[in-house]
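Trainee: Before I use any of the descriptive terms for this model in my own notes, I would like to understand how each of them is justified. Could we go through them one at a time?

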Amino acid sequence: MNEILRIENISKIYKDSAILFRKKDNLALDNVSFAIKRGEIFGLVGESGSGKTTLSNIILRLIKETSGKIYFEDKDITKLTKEELFAYRKKLQVVFQNPYQALNPKKTIGFSIREILKIHKVGTEEENKEKIRQILEEIEMEEDVLGYYPPNLSGGQKQRIAIACALIIEPEFLIIDEGVSALDVSIQAQILNLIKKLQETHNFTCLFISHDLNVIAYLCDRIGVLYNGKLVDLFETKDIVSPDRNEYTKTLFKSIKI
């Protein structure tokens with residue numbers, strides 16, 4: 001299994017220009033390095049403020065790293081041109097934390113999905129109708145949902161649609177940032193099982209970011225642990241209980257059942 005994403009010595013310092021006499025800048029990420037293998041679900045776990053979302057935003061090119069390199073399919077994405085960035089974002093899609101904010105409440109579900117296909121110039125009208133029909137079947141929703149507006153849907157339904165929007169252009173890599181944290185526990189289980197099923201069907205690689213240890217342990221093949229901006233542990237999920245684990249990892253996971 002070859003690497004699809006490689007992170008090398010990524011650091012991020014946020015400078016607070018509003019503070020004239022600050023003692024130090026905010027070091028959000030400190031020399032983080034790891035690789036994600038093609039076809040796996042890689043879990044990134046840590047407390048709030050550990051740097052998880054900062055790293056996700058750097059990978060998505062929403063913010064710029066202070067130092068370090070990121071390679072996607074062996075190409076340095078820290079130096080992409082505007083045209084290359086557009087092509088990169090077609091290969092790499094994201095499902096954000098809050099399904100209530102991920103969809104435009106003033107546009108129908110059908111419009112939102114078709115707009116993604118239009119922006120990325122995917123397929124003919126007939127081909128796209130079939131793509132939409134198929135993805136709705138895969139997320140277990142009826143076609144009449146295309147005429148609904150987001151406020152008409154439940155949180156779980158919105159998250160299913162958000163996942164469909166991410167997968168409709170067949171990305172190679174999917175980032176799911178706290179993708180079930182806003183949902184009830186029973187709905188979380190449904191969405192996690194759906195992600196597993198879709199990952200097998202579409203064969204995408206996934207970076208799953210969460211502070212929920214049970215979710216990470218259930219879903220992911222390998223796990224990276226962030227603490228105060230540092231990657232303190234990296235292991236296969238089956239090795240969570242290994243005595244070789246970092247002390248922080250042991251503390252983090254001791255309260256859950258594996």
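Mentor: Let us begin with pairing, since the sheet depends on it: two strands pair if DSSP finds at least two bridges between them. Please keep in mind throughout that this is a predicted model.

Trainee: What makes S2, S1, S4 and S5 a sheet, and in which order do the strands lie?

Mentor: The four strands form an open sheet in the order S2-S1-S4-S5, with antiparallel pairing. Strand S1, residues 3-14, is joined to strand S2, residues 26-37, by eight bridges, and S1 also pairs with strand S4, residues 67-72, over five bridges. The cut-off is at least two bridges, so S1 counts as paired with S2 and with S4.

Trainee: Which residues stand opposite each other in these pairings?

Mentor: On the S2 side, Ile13 has Leu27 as its bridge partner, while Ile7 has Phe34. On the S4 side, Leu5 stands opposite Phe72.

Trainee: Why are S2 and S5 called edge strands?

Mentor: S2 and strand S5, residues 75-76, each pair on one side only, and that is what the term edge strand expresses here.

Trainee: How do you know that Ile70 is buried?

Mentor: Buried means under 20% relative accessible area, and Ile70, which is found in strand S4, has a value of 0%, so the term applies. Leaving aside neighbours within four places in sequence, the contacts of Ile70 include Leu5, Ile7 and Ile10, as well as Ile58, Ile59 and Ile77. The C-alpha atoms of Ile70 and Leu5 are separated by 7.2 Å, although these residues are 65 apart along the chain.

Trainee: What makes Tyr88 buried or exposed?

Mentor: Tyr88 lies in helix H2, residues 82-91, and its relative accessibility is 5%, so with a limit of 20% it counts as buried. Not counting neighbours within four places in sequence, Tyr88 is in contact with Ile59, Arg61, Phe72, Ile77 and Leu80. Phe72, as we saw, is the residue opposite Leu5 in S4. The C-alpha atoms of Tyr88 and Pro171, which are 83 residues apart along the chain, are separated by 9.5 Å.

Trainee: His120 lies in a loop between helices H4 and H5, so why is His120 called buried?

Mentor: The term rests on the accessible area: for His120 the relative value is 13%, which is under 20%, so His120 is buried. The loop that holds His120 runs between helix H4, residues 109-119, and helix H5, residues 125-138. Beyond residues up to four places away in sequence, His120 touches Phe86, Arg89, Lys90, Gln93 and Ile169.

Trainee: Turning to the whole chain, which has nine helices and 10 strands, why is it described as compact as a globular protein of its length?

Mentor: Its radius of gyration is 19 Å, and the globule rule gives 18 Å for 258 residues; the two values are close, so the description holds. The C-alpha trace spans about 55 × 45 × 40 Å along its principal axes, and buried residues make up 49% of the 258 residues.

Trainee: How much of the contact pattern joins residues at least 24 apart?

Mentor: Among contacts between residues at least 6 apart in sequence, 69% join residues at least 24 apart.

Terms used. Residues are numbered from 1 along each chain as its sequence is written. This is a predicted model: local features need pLDDT of at least 70, side-chain atom pairs count only at pLDDT 80 or more; totals for chains, interfaces and linings use all residues. Side-chain values use heavy atoms; hydrogens and water are left out. Helices (H or I, at least four residues) and strands (E, at least two) are DSSP runs, numbered from the N terminus. The radius of gyration is taken over C-alpha atoms; the globule rule is 2.2 Å times the number of residues to the power 0.38. Buried means under 20% relative accessible area, exposed over 50%, partly exposed in between (1.4 Å probe, protein chains only). Contact means heavy atoms within 4.5 Å.
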